Structure formats: C-alpha cells, structure tokens
Amino acid sequence: MPNIQSATLTVGTGSEARAIAMETRSGGSPGLFWLGGFRSDMIGAKAMALDALGAEKGLAVTRFDYSAHGVSGGDFEQGTISRWLEEAQAVFATTTGPQIIVGSSMGGWIALLLVKAMLAAGTQRTKGLVLIAPGVDMTHERMLPEFSPEQHESLQNLGYVDRPSQYSSTPYRITRKLIEDGKQHLLFGGVIETGCPVVILQGGQDPDVPQAAAIKLVTHILHDPVTLTLIPDGDHRLSRPEDLARLRAAVMGLVEG
C-alpha cells in the first residue's frame, strides 16, 4: 500500500479561508516539496515523478494544490501570488527537517519567494531548489507585455482578460487583481538570495518562459551555487520521459550533495 496521507489544510480566516488539499508521503530526509504552476495540479507528470522518486528512495514528499487549483477550494478570480504564497508557506510549515523544493513555472517564482521569506525570518531549512522553466515575475515579465491594447482596456474596464491556452480548452482568465498583486513580489532588479544550491531546468523550445528568462535569473543569483541546464528541444512542460529523468537526476544530485 502506498504510504500516502491525504489531508485538507485551512489557510486564512473568515471570508479569506481556503481549503487546501495536500498529499504527504512519509519518509526520510531531505523531504521533497512540490510547487506546481499556474492552473496546474499536484497529480501532473512531474509531481507524480517526484512522488515516485520519494517512494523509491524512502524520502518524504509533500504535494498540494493552490486554492482554485486541482481539488482545492476557492475562487480562481481571487487568486494572487500573495494568496498562493501564503498557502505554500502554510503547507511547508507542516513539513519537518531539510527540504528540497521543486517549483515548476509559476511554482519556481513562488519557490524563490518562499525561501526569501524564510531567510528573512531566520527559518531557512531548504537543502536545495530545483526550478523547472521558472516563471519569475511572470505577471510583469510575461503577461503584461503580451497584452494587446484591447486586452489592456479589458483589464482596466472589466478587471480581467481571457486568454486562450494551448493547455486547456477554456481560456485562462488573467485578473487585474493578480497583475497588481504581482507587482509587490517582483524579484528581478535586485540580487536573489536563496541560501542553498539552485538547479534550473529550461526548455529551448518553451513558448511560455523563453530560455532568456532562465539566463536572466542566473544573473540575479550571485551568492549561491546555480546550475542551468538548457534542453534544446524541450518545451514548457518538460514532462517527456527524458525530461523526467533529468528532473530525477537534478533532485538526487541535491539529495546526495
């Protein structure tokens, strides 16, 4: 029987309360902590590959869905980086001992914000970071610059923009609230401190987070070891068998390092 426990964690109070679904696999240290991307969930290929690695190596694994993602409760139009970061912090607080944080796309940004907050509080216990196509500052690096004049008008007048996505049959709704909140979490423009080794996996054929963004991130990590692997034919998801093998190798390099 898989040694996995399902739980629901309430984050926030009153009208701000959200029921966050999480899955934890008991095991040894360091634990593996998963942070998914925008509109993704904790049962995707990379998340489950991480869980399988934990099962094989006897390591604890923690996965969860942000509010309004997967099976967690909440209204997606209320979603912001602040809310999802708060949820990541609450779930991380349920873990013990050193952790390797694996963040994909938006989860890469939240991973960096999570360790930033821990460093500020003096509670950093991250053994390493694996960032997969990290969408750092995505609200202002990717979303805003790509809006047409009509979309900018919709954002201001309606409070949202509906954008088609190759990953879903329904458009993704980008809210003004998400964009405005993202501004307070921007990391580019200053040194990014992690207090641990960082491994970045980046696809060369990524239409959502170009490889230039990963290179830009490397130039901002000045005080911690960082390794960037560019996968020339890799896409944004990096979920092919060979990509999952690279993810496994990156995590094990940090586990054994």
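A residue counts as buried here when under 20% of its relative area is accessible. Keep that in mind for strand β4, where L59, V61 and R63 point one way, A60, T62 and F64 point the other way, and all are buried. This is a predicted model. At its heart for this briefing is an open sheet of 8 strands with mixed pairing, and several helices lie across that sheet or pack around it, among them α7 and α8.

**The sheet**

- Reading across the sheet, the strands come in the order β1-β2-β4-β3-β5-β6-β9-β10.
- The edges are β1 (4–11) and β10 (226–231), and each of these pairs on one side only.
- On average, neighbouring strands in this sheet are turned by 20° against each other, if you ignore direction.

**Strand β4 and its partners**

- How many residues of β4 are buried? It's 6 of the 6, so the strand is largely enclosed by the rest of the structure.
- β4 (residues 59–64) runs parallel to β3 (residues 28–35), and 3 bridges join the two.
- β2 (residues 18–25) runs antiparallel to β4, with 4 bridges joining them.
- V61 is a handy landmark in β4: L32 stands opposite V61, and so does R25.

**Helices lying across the sheet**

- Helix α7 (residues 211–220) lies across β6 (126–132), β9 (198–203) and β10, and runs at about 165° to β9.
- Helix α8 (residues 241–256) lies across β3, β4, β5 (99–104), β6, β9 and β10. The angle between α8 and β6 is about 160°.

**Where α1 meets α8**

- Helix α1 (residues 45–57) packs with α8 at an angle of about 50°, and their axes are 10 Å apart.
- That angle makes α1 oblique to α8, and the crossing is right-handed.
- On the α1 side, the residues that meet α8 are A45, K46, A49, L50, L53, E56 and K57.
- On the α8 side, the matching set is L244, L247, R248, V251 and M252.

**A closer look at V255**

- V255 sits in helix α8.
- Is V255 buried or exposed? Its relative accessibility is 18%, so V255 counts as buried.
- Setting aside neighbours within four places in sequence, V255 is in contact with P30, L32, L59, I100 and K127.
- Two of those names may ring a bell: L32 stands opposite V61, and L59 is one of the buried residues of β4.
- V255 and V61 are 194 residues apart in sequence, yet 13 Å apart in space, C-alpha to C-alpha.

**Helix α4 and its surroundings**

- Which residues of helix α4 (residues 138–146) are buried? They are M138, T139, R142 and M143.
- Looking down the axis of α4, these buried residues fall within an arc of 115°, so they line one face of the helix.
- What do they pack against? The list is α3 (106–121), β7 (160–165), β8 (168–175), α6 (176–182) and α7.

**The β7–β8 hairpin**

- β7 and β8 form a hairpin with 2 residues between them.
- The two strands run antiparallel and are joined by 5 bridges.
- One bridge pairs S165 with S168 in β8.
- This hairpin also ties back to α4, as both β7 and β8 are packed against by the buried residues of that helix.

**Backbone spots to look out for**

- S29 and P30 are joined by a cis peptide bond, with omega at about 0°.
- P30 belongs to strand β3, and P30 is also one of the residues in contact with V255.
- A68 isn't a glycine, but its phi is positive, at about 65°. You'll find A68 in the loop between β4 and α2 (81–92).
- D137 isn't a glycine either, and its phi is positive too, at about 55°. D137 lies in the loop between β6 and α4.
- Why does D137 count as buried? Its relative accessibility is 2%, and the cut-off for buried is under 20%.

Terms used
Residues are numbered from 1 along each chain as its sequence is written. This is a predicted model: local features need pLDDT of at least 70, side-chain atom pairs count only at pLDDT 80 or more; totals for chains, interfaces and linings use all residues. Side-chain values use heavy atoms; hydrogens and water are left out. Two strands pair if DSSP finds at least two bridges between them. Axes are lines fitted to C-alpha atoms, for helices over the stretch in contact, and angles run from 0 to 180 degrees between N-to-C directions. Contact means heavy atoms within 4.5 Å. Buried means under 20% relative accessible area, exposed over 50%, partly exposed in between (1.4 Å probe, protein chains only). The arc is that of the directions from the helix axis to the C-beta atoms. Angles under 35 degrees count as roughly parallel, over 145 as roughly antiparallel, 65 to 115 as roughly perpendicular and the rest as oblique. A crossing is left-handed if the near helix is turned anticlockwise from the far one by less than a right angle, and right-handed if clockwise.
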